[in-house]
Amino acid sequence: SPIFWSEAQPPSAQTQSSYKGNYPNLGTGFFVWPLAPPYTLTQEYWGGHPAIDIDTYLRQPIFASDTGTVAFSGWDDTGYGNLVIIDHGNGYRTYYGHNDALLVSAGQVVYQGQQIAESGSTGNSSAEHLDFRILIGGMFVNPLEYLP
């Protein structure tokens, strides 16, 4: 039978508001790569995919790209699978999708470079990779313009 695949959609309102507390301004506004080098992009940012996909091996450590508060950590039904969303309190949110294991909880403060997950291929995914997104002002932007 044919295989059906669709692009992960913007997370639902429930996903975006899992944590109900305050988001203090903890972010530096400067981002680091969410995994160790080398970085191999399997899909770049474009209008139909407002993220970068970075090749990983199963259970590769995933790190917080900047300091912030975990807004969501759990299963997402819109295609991201095991997803972590970090609110940096300065207008930025980062998204880490398709993980195999989640190591943080909603409401937890995490620091830039802290391990938050282990990569995988959950949700709408055909191979191990990290779907990494940066949201600012309600719009996803090209992460490559923010990474060193």
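This briefing introduces the fold, the nonpolar cores, the salt bridges and a few individual residues of one protein chain.

The structure is a predicted model, and its secondary structure comes to one helix and ten strands. The protein chain has 148 residues, and buried residues make up 47% of them. Among the contacts with a separation of 6 or more, 67% are between residues that lie 24 or more positions apart.

**Overall architecture**

- Read along the sequence, the elements of the protein chain follow the pattern α-β-β-β-β-β-β-β-β-β-β, with helix H1 at residues 13–16 and strand S1 at residues 41–43.
- The accessible surface of the protein chain comes to about 7000 Å², and carbon and sulfur atoms account for 54% of that surface.
- An example of two residues distant in sequence is given by Ala-106 and Tyr-19, which are 87 residues apart along the chain while their C-alpha atoms are separated by 5.6 Å.
- Ala-106 itself is placed in the loop between S6 and strand S7, the latter covering residues 109–110, and with 36% relative accessibility Ala-106 counts as partly exposed.

**Nonpolar cores**

- The largest nonpolar core has 21 residues, and the members that touch the most other members are Tyr-96, Ile-116 and Phe-132.
- At least two residues of this core come from each of strand S2 (52–55), S5, strand S6 (92–102), strand S8 (115–119) and strand S9 (129–136), and S9 gives the most, with three residues.
- Another core, of eight residues, lies apart from the largest one, and its members include Ala-71, Tyr-80, Ile-85 and Tyr-95.
- Leaving aside residues up to four places away in sequence, Phe-132 touches Pro-34, Ala-51, Ile-52, Ile-54, Ser-65, Thr-94, Tyr-95, Tyr-96, Pro-143 and Leu-147, and Phe-132 thereby contacts Tyr-96, which is likewise named among the members of the largest core that touch the most others.

**Salt bridges around Arg-59**

- A search of the whole structure finds four salt bridges, and a network of such bridges links Arg-59, Asp-100 and Glu-118.
- In one of these pairs the side chains of Asp-100 and Arg-59 meet at 2.6 Å, from N to O, and this pair links distant parts of the chain, with Asp-100 in strand S6 and Arg-59, 41 residues apart from it, in the loop between S2 and strand S3 (61–63).
- In another pair the side chains of Arg-59 and Glu-118 meet at 3.2 Å, again from N to O; because Arg-59 lies in the loop between S2 and S3 while Glu-118 lies in strand S8, this salt bridge ties together parts that are 59 residues apart in sequence.
- The members of the network vary in their accessibility: Arg-59 counts as partly exposed at 42% relative accessibility, Asp-100 is partly exposed with a relative accessible area of 33%, and Glu-118 counts as buried at 19%, because buried means under 20% relative accessible area.

**Asp-87 and its surroundings**

- Asp-87 is part of strand S5, which covers residues 81–87, and with a relative accessibility of 11% Asp-87 counts as buried.
- The side chains of Asp-87 and Arg-93 meet in a salt bridge at 2.9 Å, from N to O, and both of these residues are buried.
- The side chain of Asp-87 also reaches the backbone nitrogen of Gly-89, at 2.7 Å.
- When residues up to four places away in sequence are not counted, Asp-87 touches Tyr-23, Gly-68, Thr-69, Ala-71, Tyr-92 and Arg-93, and one of these residues, Ala-71, is also named among the members of the eight-residue core.

**A nonpolar patch on the surface**

- Leu-26, Val-109 and Tyr-111 make a nonpolar surface patch of about 260 Å².
- Of these patch residues, Leu-26 is found in the loop between helix H1 and strand S1, and Leu-26 is partly exposed, with a relative accessible area of 31%.
- Val-109, another residue of the patch, falls in strand S7, which covers residues 109–110.

Technical notes
Residues are numbered from 1 along each chain as its sequence is written. This is a predicted model: local features need pLDDT of at least 70, side-chain atom pairs count only at pLDDT 80 or more; totals for chains, interfaces and linings use all residues. Side-chain values use heavy atoms; hydrogens and water are left out. Helices (H or I, at least four residues) and strands (E, at least two) are DSSP runs, numbered from the N terminus. Buried means under 20% relative accessible area, exposed over 50%, partly exposed in between (1.4 Å probe, protein chains only). A polar contact is a pair of N or O atoms within 3.5 Å; within protein, one must be able to donate a hydrogen and the other to accept it, and residues adjacent in sequence count only if both atoms are side-chain atoms. Contact means heavy atoms within 4.5 Å. Patches are made of residues with over 30% relative accessible area and no salt bridge: like charges are joined within 9 Å, nonpolar side chains (Val, Leu, Ile, Met, Phe, Trp, Tyr) within 5 Å. Accessible areas come from the Shrake-Rupley method with a 1.4 Å probe; for residues, only the protein chains shown count as cover. A nonpolar core is a set of buried Ala, Val, Leu, Ile, Met, Phe, Trp, Tyr and Cys residues joined through side-chain atoms within 4.5 Å.
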